[in-house]
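Here are some notes to read alongside the structure. Please keep the sequence and the 3D view open while you work through the points.

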Amino acid sequence: LQGFLPAVDPTTTSDQVSSPTYALLNVYRSTPPVYHFDLYRLETVDDLETIGYWDYVEADGISCVEWLDRIPDAWPLANQGARTVVMFEVVGEGRVAHVYR
């Protein structure tokens with residue numbers, strides 16, 4: 001996200017971006033707003049309610065979700081209409097982006 005957020009909003013610098021590992025969610029008041037989730041410490045879809053996950057995902061803005069595979073029902077395409085989801089997969093020394101619509 002350190003490279004992504006400054007590309008979305010040039011007024012944001014990479015040193016202003018941090019992992020939400022313990023906070024579970026970082027909200028960046030950029031234009032558009034960016035919601036950065038880390039689901040690693042969550043176990044069930046009910047845990048998403050406690051952090052307001054669906055409110056953010058359904059809001060205007062960009063949701064970036066780490067460890068989405070830990071809670072398959074958090075996958076936006078499973079519960080919402082048409083959305084674009086970009087999933088990054090680590091392959092060797094780099095990453096491959098998969099785009100789903």
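1. The protein chain contains four helices and five strands, and when it is read along the sequence these follow the pattern α-β-β-α-α-β-α-β-β. Please bear in mind that this is a predicted model. Of the 101 residues of the chain, 29% count as buried.

2. Let us begin with charge on the surface, where Asp46, Glu49, Asp55 and Glu58 form a negative patch. The elements that contribute two or more residues to this patch are helix 2, covering residues 45-50, and helix 3, covering residues 53-58. One of the patch residues, glutamate 49, belongs to helix 2, and glutamate 49 counts as exposed because its relative accessibility is 54%, where the cut-off for exposed is over 50%.

3. Is aspartate 38, by contrast, buried or exposed? This residue sits in strand 2, which spans residues 34-38, and aspartate 38 is buried but takes part in no salt bridge. Its nearest side chain of opposite charge is that of arginine 41, at 6.7 Å, whereas a salt bridge would need a side-chain nitrogen of Lys or Arg within 4 Å of a carboxyl oxygen. A polar atom of the aspartate 38 side chain does, however, lie 2.9 Å from the backbone nitrogen of tyrosine 40.

4. Where does proline 32 lie? Proline 32 is part of the loop that runs between strand 1 (25-28) and strand 2, and the peptide bond joining threonine 31 to proline 32 is cis, with omega at about 0°.

5. The backbone of tryptophan 67 also deserves a look, since its phi is near 65°, which is a positive value in a residue other than glycine. Tryptophan 67 is found in the loop between strand 3 (62-66) and helix 4 (76-79). With a relative accessible area of 41%, tryptophan 67 counts as partly exposed, because that class covers values between the 20% limit for buried and the 50% limit for exposed.

6. The last point concerns valine 85, which is located in strand 4, made up of residues 85-91. Valine 85 has a relative accessible area of 9% and is therefore buried, given that buried means under 20%. Along the chain, valine 85 and alanine 97 are twelve residues apart, and in the model their C-alpha atoms are separated by 9.9 Å.

Methods
Residues numbered from 1 in each chain as written. Predicted model: local features only at pLDDT ≥ 70, side-chain atom pairs only at ≥ 80, totals over all residues. Heavy atoms only, no water. Patch = residues over 30% accessible without salt bridge, like charges linked within 9 Å, V, L, I, M, F, W, Y side chains within 5 Å. Areas by Shrake-Rupley, 256 points an atom, 1.4 Å probe, with all protein chains shown as cover. Lys, Arg positive; Asp, Glu negative; His and termini not counted. Charge placed at Lys NZ, Arg CZ, Asp CG, Glu CD. Buried < 20%, exposed > 50% of the residue type's maximum accessible area, 1.4 Å probe, protein only. Polar contact = N/O pair within 3.5 Å; in protein donor to acceptor, adjacent residues only side chain to side chain.
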